[in-house]
Amino acid sequence: MQKDKIPNWLQTRLDNGAAKIYPRGTFKIAPCVTLAEKLQSIRSLDELYGFANRRKVTGCIDEKIFPAWSKEERRIILARKYELERKNIHSQKK
């Protein structure tokens, strides 16, 4: 990818370290085993929204593919949401 073809929004993320460019064919994503590990790998509220509301986002309501969250799983997801919101508030104050 040539630098002059990178969109401005992406260049900004590259410059501040929020994004990285890897060589073509590089696979850097490690699979998560537990819900807690998956939630800890989520870095933004948008990403958490997509994960937590996967049925709405994908339009797939099949229980076999995306089973509904249990009360305990919802509690853990909300705890991660509050954690990310607190981090966003603290980063905006700087």
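## A walk along helix H5, starting at Arg80

Select Arg80 to begin: at 2% relative accessibility, this residue counts as buried, since the cut-off for buried is under 20%. Keep in mind as you click around that this is a predicted model. Arg80 sits in helix H5, which covers residues 71-93.

Now show what surrounds Arg80. Setting aside neighbours within four places in sequence, Arg80 is in contact with Leu39, Gln40, Ile42, Arg43, Leu48 and Lys87.

Next, add Glu83 to the selection. Which kind of bond does Arg80 form with Glu83? Arg80 and Glu83 form a salt bridge, with their closest N and O atoms 2.8 Å apart. The two side chains also count as making a polar contact. Arg80 and Glu83 are 3 residues apart in helix H5, so about one helical turn separates them. Unlike buried Arg80, Glu83 is partly exposed, with a relative accessible area of 23%.

Stay on Glu83 and bring in Lys87. Here is another salt bridge, with the closest N and O atoms 3.8 Å apart. Lys87 and Glu83 are 4 residues apart in helix H5, again about one helical turn. Lys87 counts as partly exposed, at 45% relative accessibility. Show the three residues together: salt bridges that share partners join Arg80, Glu83 and Lys87 into one network.

For the last stop, select Arg75 and Glu72. Their side chains meet in a salt bridge, 2.6 Å from N to O. Both residues lie in helix H5, 3 residues apart, or about one turn of the helix. Arg75 is partly exposed at 48% relative accessible area, and Glu72 is partly exposed at 43%. The structure holds 4 salt bridges.

How values were computed. Residues numbered from 1 in each chain as written. Predicted model: local features only at pLDDT ≥ 70, side-chain atom pairs only at ≥ 80, totals over all residues. Heavy atoms only, no water. Helix = DSSP H or I, 4+ residues; strand = E, 2+ residues; numbered from the N terminus. Polar contact = N/O pair within 3.5 Å; in protein donor to acceptor, adjacent residues only side chain to side chain. Contact = heavy atoms within 4.5 Å. Buried < 20%, exposed > 50% of the residue type's maximum accessible area, 1.4 Å probe, protein only.
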